[in-house]
Amino acid sequence: MTNMDKLYEAVAARGPVCVGLDTDFSYLPEGFSKAELTAGENIVRFNQAIVDATKSVAGCFKVQIAYYESLGLDGLNAYKKTLDYVKATGVPVIADIKRGDIAKTAEMYAKAHFAGDFEADFITLAPYMGLDSIKPYMPFVEEKGKGVFVLVRTSNPGAKDFEYEKLADGRHVYDMVGDKLNEMGKSCMGEHGYSSLGLVIGGTHIEEAAEIRARYKDSFFLIPGYGAQGGTAEDIAQYLSAGNGGVVNSSRGILLAYKKQPGVEFAQAAYNECVNMKEAIKNACDRL
């Protein structure tokens, strides 16, 4: 069974919410930090509380490495401890690293993030240097069951700068990228009908949602953009397939949920937000 199969089963069991542990030190509630600990150590304590509170209603967790790199060695140690803590729960974990470099360098990134101290179940990749920047990860995918999510059509406003440009054949750039990755992913199909080469499809642009879901029916989606970036449950539902086939990330919306729930402890507020998000997406899927 591949990691993508395990992710499919996690979504079937607990729903499609992906809890984004993109934790900035400023997100920690007032009075939470201990003065005798480093910033990274306090972040780990916060992350552990979030994981404990939400693991029963999360399909997976995502850890954005930049938030940890910004703290130097202290942050990288916090990154490793956060990954390890999630892995110990058995819930799938995505390392959001968005690497994209020439083949030999990509080999080193694959080794760094699919083995050793920073090992994760999935990683995110940027494809715009070409397919040879993706291929070095495939031995880990095909032989070890690892998974990747590759940027195709993102949730940020700047997606319009390049991804939406039209080609001579009428396709968008993101269509071309998705088509090539979809073909590449046929070498690593799982038991549940999804490739281990997944796609990042932003949930904030819905005009082409039905077309994208139909076009890449064998691809599992990582769907950013819910909540703080403006994506709604109704938007997101169109990128899922009977409530599965993708995970929906929310980071700030969950980590900072306590700010919108006065008097509620931060971890309980995160759990409440996950439940509300899960139910909203399910209801939207049921209405389709």
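In this predicted model, the largest cavity is lined by L181, N182, G185, K186, M189, S195, L197, D218 and S219. Its volume amounts to about 40 Å³, and a search of the whole structure returns one cavity of 30 Å³ or more. By residue class, the lining of this cavity comprises three nonpolar, four polar and two charged residues. Two of the lining residues, L181 and N182, also appear among the buried residues of helix α8, while L197, another residue of the lining, is listed with V19, L21, V148 and I281 as touching the most other members of the largest nonpolar core.

Helix α8 spans residues 173–184, and its 12 residues extend 17 Å from the first C-alpha to the last, close to the 16 Å expected at 1.5 Å a residue. The buried residues of this helix are V173, Y174, D175, V177, G178, L181, N182 and M184, a set that includes the charged residue D175. The elements that cover these buried positions include helix α6 (138–144), strand β5 (147–153), helix α7, strand β6 (197–201) and helix α9 (209–215).

Helix α9, one of the elements covering α8, contains A209. A209 is buried, with a relative accessible area of 0%, and, when neighbours within four places in sequence are set aside, this residue is in contact with Q238 and Y239. The C-alpha atoms of A209 and I236 are separated by 8.6 Å, the two residues lying 27 positions apart along the chain. In the loop between α10 (233–237) and β8, A242 adopts a positive phi of about 55° although it is not a glycine; A242 is exposed, with a relative accessible area of 86%.

The largest pocket encloses about 520 Å³ of space. Its lining consists of 28 residues, of which D96, K98, S155, P224 and Q229 lie nearest the centre of the pocket. At least two lining residues are supplied by each of the strands β2 (60–64), β3 (93–99) and β8 (246–250) and the helices α7 (159–162) and α11 (252–255). Divided by class, the pocket lining has 10 nonpolar, 12 polar and six charged residues. K98, one of the residues nearest the pocket centre, is placed in strand β3 and has a positive phi of about 45° although it is not a glycine. At 39% relative accessibility, K98 counts as partly exposed, whereas A242, for which a positive phi is likewise computed, is exposed.

The largest nonpolar core contains 76 residues, and V19, L21, V148, L197 and I281 are those that touch the most other members. Helix α12 (residues 266–287) contributes the largest share of this core, with 10 residues. A second, separate core of 15 residues includes V11, C60, A126 and F220. Not counting residues up to four places away in sequence, V19 touches I50, T54, A58, C60, F61, K62, N249, S250, I254 and C274; among these contacts, C60 belongs to the second core, and I50 and T54 are buried residues of helix α2.

Helix α2 itself, formed by residues 39–54, has 16 residues and reaches 23 Å between its first and last C-alpha atoms, close to the 22 Å expected at 1.5 Å a residue. The buried residues of α2 are G40, N42, I43, V44, F46, N47, I50, V51 and T54, and what covers them includes strands β1 (17–20) and β2 together with helices α3 (66–69), α4 (72–89), α11 and α12. Within this helix, N47 has a relative accessible area of 2% and therefore counts as buried. Beyond residues up to four places away in sequence, N47 touches L21, T23, Y68 and T82; of these partners, L21 is one of the core residues that touch the most other members.

A further contact between segments separated in sequence involves M129, which lies in the loop between β4 (122–125) and α6. M129 and G100 are 29 residues apart in sequence, and their C-alpha atoms are 6.6 Å apart in space. With residues up to four places away left out, M129 touches G100, D101 and I102. M129 has a relative accessible area of 47% and is partly exposed.

Definitions and conventions: Residues numbered from 1 in each chain as written. Predicted model: local features only at pLDDT ≥ 70, side-chain atom pairs only at ≥ 80, totals over all residues. Heavy atoms only, no water. 1 Å grid on protein atoms, 1.4 Å probe; cavity = no way out; pocket = protein on both sides within 12 Å on 5 of 7 lines; lining within 4 Å. Points joined across faces, edges and corners; volume = space filled by probe spheres on them. Helix = DSSP H or I, 4+ residues; strand = E, 2+ residues; numbered from the N terminus. Core = buried A, V, L, I, M, F, W, Y, C linked by side-chain atoms within 4.5 Å. Buried < 20%, exposed > 50% of the residue type's maximum accessible area, 1.4 Å probe, protein only. Contact = heavy atoms within 4.5 Å. Expected span 1.5 Å × (residues − 1).
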